[in-house]
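Below is a report on one protein chain. Please look over its sequence and model first.

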Amino acid sequence: MQDLVRNMLIAIGEDPDREGLVKTPERVEKSMKFLTRGYSQNIEDVVNGALFEAESDDMIIVRDIEFFSMCEHHMLPFFGKCHVGYIPNKKILGLSKVARIVDMFARRLQIQERMTKEIASALMEILDAQGVGVVIEAQHLCMQMRGVEKQDSFTTTSSMQGSFRSELATRNEFTRLIR
């Protein structure tokens, strides 16, 4: 990877031997491995047994989970907040694990639409929940720094599964509570 970064620097007209750039290939490699660490994670390891018997079937919401990801089309960052809700079916998940699942999928080259669905599907599967709702609101630097250059644009995506999809009242309760 370091050789690729060095060649990229040359291709854009830079001198990779210049003082400020000498260690850039090494720093970029380290940064990319950190930013894409989600590829080396799996749901079982992230959850790490933090499933507990549910005492009720009331909606659980974790909102405003900050995340950073990278657009797979331009490899530029997108970032924002993820809101997750679910209705348990005998099992609940440790709250920090919800945020860790968001991070696992965010730390891959992504598109927001797929990431939203991946989070919802993973939670639905691991919990066997009655329903799951995920809403992501994000800013994309590929829209802000290049292309149309719209600095105030936000993209909102949602994935509603189970009762969040089939029951309007459940979906409405979730969307009202995350606002």
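The report goes from the whole chain to the sheet, the cores and a few single residues.

**Basis**

This is a predicted model, in which local features need pLDDT of at least 70, side-chain atom pairs count only at pLDDT 80 or more, and totals for chains, interfaces and linings use all residues. Residues are numbered from 1 along each chain as its sequence is written, and side-chain values use heavy atoms, with hydrogens and water left out.

**The whole chain**

The protein chain has eight helices and seven strands. Helices (H or I, at least four residues) and strands (E, at least two) are DSSP runs, numbered from the N terminus. The C-alpha atoms fill a box of roughly 60 × 35 × 20 Å along the principal axes. Of the 179 residues, 42% are buried. Buried means under 20% relative accessible area, exposed means over 50%, and partly exposed lies in between (1.4 Å probe, protein chains only).

The accessible surface of the protein chain is about 10,400 Å². Carbon and sulfur atoms hold 52% of that surface. Areas come from the Shrake-Rupley method with a 1.4 Å probe; for residues, only the protein chains shown count as cover.

Contact means heavy atoms within 4.5 Å. Among contacts in the chain with a separation of 6 or more, 68% join residues 24 or more positions apart.

**The sheet**

Five strands form an open sheet in the order S5-S2-S3-S6-S7, with mixed pairing. Two strands pair if DSSP finds at least two bridges between them. The edges are strand S5 (109–110) and strand S7 (155–162), each paired on one side only. Strands of a sheet pair through backbone hydrogen bonds, either parallel or antiparallel.

S2 and S3 run antiparallel and are joined by nine bridges. S3 and S6 also run antiparallel, with ten bridges between them. S2 and S3 make a hairpin with five residues between them. In that turn, Met 75 has a positive phi of about 55 degrees. Met 70 has Pro 77 in S3 as its bridge partner. S3 is mostly covered, with eight of its eleven residues buried.

**The cores**

A nonpolar core is a set of buried Ala, Val, Leu, Ile, Met, Phe, Trp, Tyr and Cys residues joined through side-chain atoms within 4.5 Å. The largest one has 32 residues. Phe 67, Cys 82, Val 84 and Ile 119 have the most contacts inside it. Elements giving two or more residues to this core are helix H3 (43–47), strand S2 (60–71), strand S3 (77–87), helix H4 (95–106), helix H5 (112–127) and strand S6 (131–140). H5 gives the most, with eight residues. A second, separate core has seven residues, including Met 59, Val 135, Phe 164 and Phe 174.

What does Phe 67 touch, leaving aside neighbours within four places in sequence? Its contacts include Phe 78, Cys 82, Val 102, Ala 106, Met 115 and Ile 136. The charged-type names on its list include Lys 81, Asp 103 and Glu 137.

**Three residues compared**

The table sets out three residues by place and accessibility.

| Residue | Element | Relative accessibility |
|---|---|---|
| Leu 35 | helix H2 (residues 24–35) | 24%, partly exposed |
| Gly 80 | strand S3 | 16%, buried |
| Gln 139 | strand S6 | 17%, buried |

Gly 80 counts as buried because its relative accessible area is 16%. Gly 80 stands opposite Ala 138 in S6. Beyond residues up to four places away in sequence, Gly 80 touches Ile 65, Glu 66, Phe 67, Glu 137 and Ala 138. Gly 80 and Phe 68 are twelve residues apart in sequence, and their C-alpha atoms are 6.8 Å apart.

Gln 139 is the bridge partner of Phe 79. Leaving aside neighbours within four places, Gln 139 is in contact with residues including Pro 77, Phe 78, Gln 144, Gln 151 and Phe 154.

Is Leu 35 buried or partly exposed? At 24% relative accessibility, Leu 35 is partly exposed. Beyond neighbours within four places, Leu 35 is in contact with Met 70, Arg 107 and Arg 108. Leu 35 and Pro 16 are 19 residues apart along the chain, with 23 Å between their C-alpha atoms.
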